[in-house]
Amino acid sequence: MIELIVNGKRQRVDVEPDTPLLWVLREQLGLTGTKFGCGIAACGACTVHFEGQPVRSCSFPVSAAAGKRITTIEGLGAGPGRPHPLQTAWIQVQVPQCGYCQSGMIMAAAALLNETPAPSDEQIGAAMTNICRCGTYARVKTAIHEAAHALQAGNSHQALHSHQSHHPDPVRPSHHAGHAGETGPAPATGATALGVDSGRRANG
Amino acid sequence: MSRAASDAPRARSLSTHAPLSRFGVPLFFVLLVTLHLAANAWGAADELFAPIARVMTHPRCLNCHTSTDYPRQGDDRHRHLFLVVRGDDNRGAPGAHCGNCHGGANQSASGVPGAPGWRLAPLDMAWEGTPGVAMDNAGLCRRLLDRQRNGGRDSAALERHMTEEPLVAWAWAPGKDRLQEGRAPPPLSQADFIAAFRAWRAAGAPCPE
């Protein structure tokens, strides 16, 4: 049995130690916002945060996450109806097309903004190694700038605080963020792909 | 002109160079022996360092001892996919650190290699003469011993690096790639490499010329 702290909630899973974290998140815990893309840590669709750092969960053994804090797209925002500024920007800019890669994109972008609050285009290019077959890269860049501006302007102070602290109390009684309306492995679109519990929907 | 007259200058010449012929012959042999010893020393340096260089210039080592602002991959030493960059601390860019994909061990499911502290060697420790091309053995040896560029390591510290550093050890346990094909280790076994390194060091760590 391996214990994880996923989106602030302690979880115990009975899996082989070398099981990729991705499959534990999706199949044991039902957090299907994190996607399987290439399975070789190349595309980034499976990106989640491990102790605040982005990792490709398809090639991250669950045993390495034992007792550690994992944040998925479902836990990125401050709670239902309180999306992370990146999720807000993603919708405002209408970044996704098919949406499949977007949760990984957002998780990678969130990690970038944690370290570099006002990234240049070059820094975004260096950080965002995720692959999008729809070619949304230009809008990804625009949305990251938008989110960075919002965070710097303090418009989303509370969300930022939540994002940076990553649930200071790791043992919360309930899973606060839910699955953002997504229940299956099929490609998500629009807001659901972003893990956002919102009435607004992006294209798709 | 008579024969006696024509021989006169030659006789004078021999007489003039008599001291040279007296000391020149032993001097010549001393020079010969010196050159021979030097050649042997250079030859020994060549011979001692060659197996070390074979390992150091293998893709498992050289791919992260690059002179570029990015790592390389594979036996063909292509640029790391996704335009991964070196970053200020040799561990990638903010948001795209080496450790985001490369964990503490090789991942059998994905084929992603891993070892503790996955990172590039600093540019000072590049073993490429020009991007993508390994230094020759002499340059490699000098670079290895240059304490201004090797992290201040003396030869004992270099030996520790070669024998104890997990990333170095990874070269002999590189795992399988995404196609489940084993990556090639360096041409010497780890034990043979360590033995070669110790022998080179015991000889005074001579560098080939």
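1. Before anything else, a word on the labels: strands here are DSSP runs of E with at least two residues, numbered from the N terminus. In those terms, A:Asn7 sits in the loop that joins β1 and β2 of chain A. Keep in mind throughout that this is a predicted model.

2. Let's stay with A:Asn7, since it's worth a look on a Ramachandran plot. Its phi is positive, about 50°, and it is not a glycine. The hairpin of β1(A) and β2(A) has 2 residues between the strands, and A:Asn7 is the one named there with the positive phi. Is A:Asn7 buried or exposed? The cut-off for buried is 20 or more other C-beta atoms within 10 Å. A:Asn7 has 27 other C-beta atoms within 10 Å, so it counts as buried.

3. Chain B offers a case to set beside it. B:Ala205 also has a positive phi, near 50°, and is not a glycine either. You'll find B:Ala205 in the segment that follows α7 (190–202) of chain B. For B:Ala205 the count is 19 other C-beta atoms within 10 Å, so the residue is classed as partly exposed.

4. Back to the strands around that hairpin. β1(A) covers residues 2–6, and 4 of its 5 residues are buried, so the strand is mostly covered. On one hand, β1(A) pairs with β2(A) (residues 9–13) in the antiparallel sense, over 5 bridges. If you want the register, A:Ile5 faces A:Arg10 of β2(A), and A:Leu4 faces A:Gln11 of β2(A). On the other hand, β1(A) pairs with β5(A) (residues 69–71) in the parallel sense, over 2 bridges. There, A:Val6 has A:Ile70 of β5(A) as its bridge partner.

5. Now the whole sheet. What is the strand order in the open sheet of chain A? Its 5 strands run β2-β1-β5-β3-β4, and the pairing is mixed. β2 and β4 of chain A are the edge strands; each has a single partner, so one side of each has no neighbour in the sheet. From one strand to the next, the twist averages 40°. Helix α3(A) packs on this sheet, where it touches β3 (47–50) and β4 of chain A, and its direction makes about 35° with that of β3(A).

6. α3(A) also meets α2(A). The helices in question are α2 (residues 85–93) and α3 (residues 102–115) of chain A; their axes come within 10 Å and cross at roughly 130°. That angle is why α2(A) and α3(A) are called oblique to each other. The crossing is right-handed. From α2(A), the contact uses A:Leu86, A:Gln87 and A:Trp90, while α3(A) brings A:Gln102, A:Ile106, A:Ala109 and A:Ala110. By class, that contact has 5 nonpolar and 2 polar residues, with no charged ones.

7. α2(A) has another helix to deal with, α5 (residues 137–153) of chain A. Here the axes come within 8 Å and again cross at roughly 130°, so α2(A) and α5(A) are oblique to each other as well. This crossing is right-handed too. α2(A) puts in A:Pro85, A:Leu86, A:Ala89, A:Trp90, A:Gln92 and A:Val93, and among the residues of α5(A) in the contact are A:Arg139, A:Glu146 and A:Leu151. The class tally for α2(A) with α5(A) is 9 nonpolar, 2 polar and 2 charged residues. Note that A:Leu86 and A:Trp90 turn up in the α3(A) contact and also in the α5(A) contact.

8. Next, the interface. How many residues does each chain give to the contact? Chain A supplies 24 residues and chain B supplies 21. On the chain A side, β4 (53–56), α3 and α4 (121–127) are the elements that give two or more residues. By class, that side of chain A has 15 nonpolar, 6 polar and 3 charged residues. So α3 of chain A, which packs on the sheet, is also one of the elements that touch chain B.

9. Last, some overall figures for chain B. The chain has 7 helices and 6 strands, in the order α-α-α-β-β-β-β-β-β-α-α-α-α along the sequence. Of its 209 residues, 28% are buried. Among contacts in chain B with a separation of 6 or more, 56% join residues 24 or more positions apart.

How values were computed
Residues are numbered from 1 along each chain as its sequence is written. Chains are lettered from A and ligands numbered from 1 in the order in which they are written. This is a predicted model: local features need pLDDT of at least 70, side-chain atom pairs count only at pLDDT 80 or more; totals for chains, interfaces and linings use all residues. Axes are lines fitted to C-alpha atoms, for helices over the stretch in contact, and angles run from 0 to 180 degrees between N-to-C directions. Helices (H or I, at least four residues) and strands (E, at least two) are DSSP runs, numbered from the N terminus. Angles under 35 degrees count as roughly parallel, over 145 as roughly antiparallel, 65 to 115 as roughly perpendicular and the rest as oblique. A crossing is left-handed if the near helix is turned anticlockwise from the far one by less than a right angle, and right-handed if clockwise. Two residues are in contact if their C-beta atoms, placed from the backbone, lie within 7 Å. Ala, Val, Leu, Ile, Met, Phe, Trp, Tyr, Cys and Pro count as nonpolar, Asp, Glu, Lys and Arg as charged, and the others, Gly among them, as polar. A residue is buried if 20 or more other C-beta atoms lie within 10 Å of its own, exposed if 12 or fewer, and partly exposed in between; C-beta atoms are placed from the backbone. Two strands pair if DSSP finds at least two bridges between them.
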